[in-house]
Amino acid sequence: MDKIALITGATAGIGYSTALKLAEYGFNLLVTGRREERLKNLKTEIENYYGVKTHSLCFDVQDKNEVYNSIENLPDEWKNIDVLINNAGLAAGLNTVQEGDTEDWERMIDTNIKGLLYITRKVAPYMIEKEKGHIINVGSIAGKEVYKYGNVYCATKHAVDALTKGMRIDMLEKNIKVTQISPGMVETEFSLVRFKGDKEKAEKAYQGFTPLSGEDIAEIILFTITRPPHVNINDIVITATEQANSFYKNVK
């Protein structure tokens with residue numbers, strides 16, 4: 001089988017765009033997500049349009065047992081994973097710490113940190129066995145800065161930043177590349193999830209300027225994983241032209 005990429009959170013946003021971009025480039029794909037119908041539709045779309053092999057796994061990265069069972073029970077030919085894209089992540093709520101919802105905190109910690117660790121723990125040994133592979137962690141500009149009401153979400157993305165650096169050290173002798181992609185504002189379901197389905201609030205978050213798209217990030221991911229074997233891109237921070245950082249946007 002040709003090169004295989006595993007993408008978490010592939011049913012929408014950056015994950016979905018990355019799946020299509022890598023399929024176009026010829027990667028066979030392992031796509032994961034919580035929404036089974038969307039996974040089925042994505043698998044059909046990729047196989048019919050791009051002609052590459054696709055295998056879907058429906059689970060929530062927060063559930064360690066589901067993650068472990070799904071990866072361990074993969075057919076042998078699908079365990080030869082060349083690229084792992086830890087994309088699944090979310091923000092829930094926008095409050096001060098003293099007014100925060102502990103369920104929101106747990107959901108972000110369990111998805112953004114523990115979910116990334118669960119997947120990596122099961123996939124990395126396959127790469128180490130052949131001493132070849134590339135792990136992409138989708139972080140955030142929130143992992144570089146802290147903004148008002150972003151406390152716990154920012155903390156989880158700071159953890160992704162630290163874990164990426166730690167992974168790179170741990171797997172250095174095994175020739176495994178580790179990269180972090182840290183986007184600014186990307187117009188996906190991110191704000192819809194953060195505002196718990198409130199479409200009006202979600203839409204306002206992107207008004208007055210042109211944010212990044214999922215495809216923009218997918219193109220960066222493709223560029224990163226197609227560098228020569230001796231080249232590893234450690235970290236990329238990418239924002240819209242009209243966004244200087246988490247605090248300053250040129251809103252018109």
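This report walks through the buried parallel strands, a pair of packed helices and the salt bridges of the structure above.

The model is predicted, so a few ground rules help: local features need pLDDT of at least 70, side-chain atom pairs count only at pLDDT 80 or more, and totals for chains, interfaces and linings use all residues. Residues are numbered from 1 along each chain as its sequence is written, and side-chain values use heavy atoms, with hydrogens and water left out.

## The buried strands

Let's start with strand β6, residues 176–183 (helices, H or I with at least four residues, and strands, E with at least two, are DSSP runs numbered from the N terminus). Eight of its eight residues are buried, so β6 is largely enclosed by the rest of the structure. Here buried means under 20% relative accessible area, exposed means over 50%, and partly exposed lies in between, using a 1.4 Å probe and protein chains only.

In a regular strand the side chains alternate between the two faces of the sheet. Both faces of β6 are covered: one side carries Ile176, Val178, Gln180 and Ser182, the other Lys177, Thr179, Ile181 and Pro183, and all are buried.

Which strands pair with β6? One is β5 (residues 133–138), which runs parallel to β6 and shares six bridges with it; another is β7 (residues 235–238), also parallel, joined to β6 by four bridges. For pairing, DSSP has to find at least two bridges between two strands. On the β5 side, Gly133 has Ile176 of β6 as its bridge partner, and Val138 stands opposite Ile181. Ile181 also stands opposite Ile236 in β7.

The chain gets from β5 to β6 through helix α5 (residues 151–170), in a right-handed β-α-β crossover. Right-handed here means that, with the strands pointing away from the viewer, the path from the first strand over the helix to the second runs clockwise.

Strand β5 tells a similar story. Six of its six residues are buried, so β5 is largely enclosed by the rest of the structure. Gly133, Ile135 and Asn137 cover one side, while His134, Ile136 and Val138 cover the other, and all are buried. Four bridges join β5 to strand β4 (residues 83–86), and these two strands run parallel. Val83 has His134 as its bridge partner in β5. Together, β4, α4 and β5 make a right-handed β-α-β unit.

## Two packed helices

Two packed helices are described by the angle between their axes and the distance between the axes. Helices α3 and α4 pack at an angle of about 20°, with their axes 9 Å apart. That makes α3 roughly parallel to α4, since angles under 35 degrees count as roughly parallel, over 145 as roughly antiparallel, 65 to 115 as roughly perpendicular and the rest as oblique. The axes are lines fitted to C-alpha atoms, for helices over the stretch in contact, and angles run from 0 to 180 degrees between N-to-C directions.

## Salt bridges

Side chains of opposite charge can pair when their charged atoms come close. The count comes to 12 salt bridges, each being a side-chain nitrogen of Lys or Arg within 4 Å of a carboxyl oxygen of Asp or Glu. Here are three of them:

| Salt bridge | N to O distance |
|---|---|
| Glu219 and Lys21 | 3.8 Å |
| Lys122 and Glu72 | 2.7 Å |
| Asp110 and Lys114 | 3.2 Å |

Where do Glu219 and Lys21 lie? Glu219 is in helix α8 (residues 214–225) and Lys21 in helix α1 (residues 13–25), so the pair ties together parts that are 198 residues apart in sequence. Glu219 is partly exposed at 41% relative accessibility, whereas Lys21 is buried at 13%.

Lys122 belongs to helix α4 (residues 102–130) and Glu72 to helix α3 (residues 64–72), so this pair ties together parts that are 50 residues apart in sequence. Lys122 counts as buried, at 16% relative accessibility, and Glu72 as partly exposed, at 36%.

Asp110 and Lys114 both sit in helix α4, four residues apart, about one turn of the helix. Asp110 is partly exposed, with a relative accessible area of 22%, and Lys114 is partly exposed at 33%. Elsewhere, salt bridges that share partners join Lys21, Glu24, Glu215 and Glu219 into one network.
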